[in-house]
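User: I am new to this structure and should like to understand the terms used to describe it. Please explain how each label is reached.

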Amino acid sequence: MSNKWQEYIDRIHYSERYSDDHFEYRHVILPKPLLKMIPKSYFEDPKHPQILRLLKEDEWRGIGIRQSFGWEHYEIHAPEPHVLLFRRPKNAVLVAADGKAKKK
């Protein structure tokens, strides 16, 4: 991993969590230069990489986003493509990497 890539990962901003009756939410703001380093296949139109598509967990973790288990990239905010919106069910039972279930 390049030094620049790591520098950008260290500058990722994680919002406080907020919720409604069903979900817990947060948004993650990527440094704009990091957005330019993301694989083209992660964009809705790889030939014109401007708007990210919804990313799977292994994809968003692969670009350096660090969150606990259970989060889903659920929405694109086209005016600000460097802002990723995440949610997870409230009171979800999460399964840790060791396979043990735990309440969040």
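The exchange below takes several labels in turn and sets each against its definition.

User: What kind of model is this, and what makes strands β1 and β3 a pair?

Analyst: This is a predicted model. Strand β1 (residues 13-14) and strand β3 (residues 23-29) are joined in the antiparallel sense over two bridges. Pairing requires at least two bridges, so the two strands are called a pair. Within this pairing, His-13 has Ile-29 in β3 as its bridge partner.

User: How do you know that β3 and β5 pair?

Analyst: Seven bridges link β3 with strand β5 (residues 83-89), in the antiparallel sense. The requirement is at least two bridges, and therefore the label applies. Arg-26 stands opposite Phe-86 in β5.

User: Which strand forms a hairpin with β3?

Analyst: Strand β2 does, with three residues between β2 and β3. Two bridges join β2 (residues 18-19) to β3, and the strands run antiparallel. Tyr-18 stands opposite Tyr-25 in β3.

User: Why is the aromatic pair of Tyr-25 and Tyr-74 called tilted?

Analyst: The structure holds four aromatic pairs. For Tyr-25 and Tyr-74, the centres are 5.7 Å apart and the planes stand at 55°. Centres must lie within 6.5 Å for a pair, and an angle that is neither under 30 degrees nor over 60 counts as tilted; the label therefore follows. Tyr-25 belongs to strand β3 and Tyr-74 to strand β4 (residues 72-76), 49 residues apart. Ring pairs also link these two residues with Tyr-18 and Phe-23 into a cluster.

User: Are Tyr-25 and Tyr-74 buried or partly exposed?

Analyst: Tyr-25 has a relative accessible area of 13%; buried means under 20%, so Tyr-25 is buried. Tyr-74 has a value of 23%. Partly exposed covers the range between 20% and 50%, so Tyr-74 is partly exposed.

User: What makes the pair of Trp-60 and Phe-86 edge-to-face?

Analyst: Their ring planes are 75° apart, with 5.0 Å centre to centre. Planes over 60 degrees apart count as edge-to-face, so the name fits. Trp-60 lies in helix α3 (residues 57-62) and Phe-86 in strand β5, so the pair ties together parts 26 residues apart in sequence. Both Trp-60 and Phe-86 are buried.

User: How do you know that the charged end of Arg-61 sits over the ring of Phe-69?

Analyst: The charged end of Arg-61 is 5.4 Å from the ring centre of Phe-69. The limit is 6 Å, together with a position within 35 degrees of the ring normal. Arg-26 likewise lies over the face of Trp-71, at 5.6 Å from the ring centre.

Technical notes. Residues numbered from 1 in each chain as written. Predicted model: local features only at pLDDT ≥ 70, side-chain atom pairs only at ≥ 80, totals over all residues. Heavy atoms only, no water. Helix = DSSP H or I, 4+ residues; strand = E, 2+ residues; numbered from the N terminus. Phe/Tyr/Trp six-rings, centres within 6.5 Å; stacked < 30°, edge-to-face > 60°. Buried < 20%, exposed > 50% of the residue type's maximum accessible area, 1.4 Å probe, protein only.
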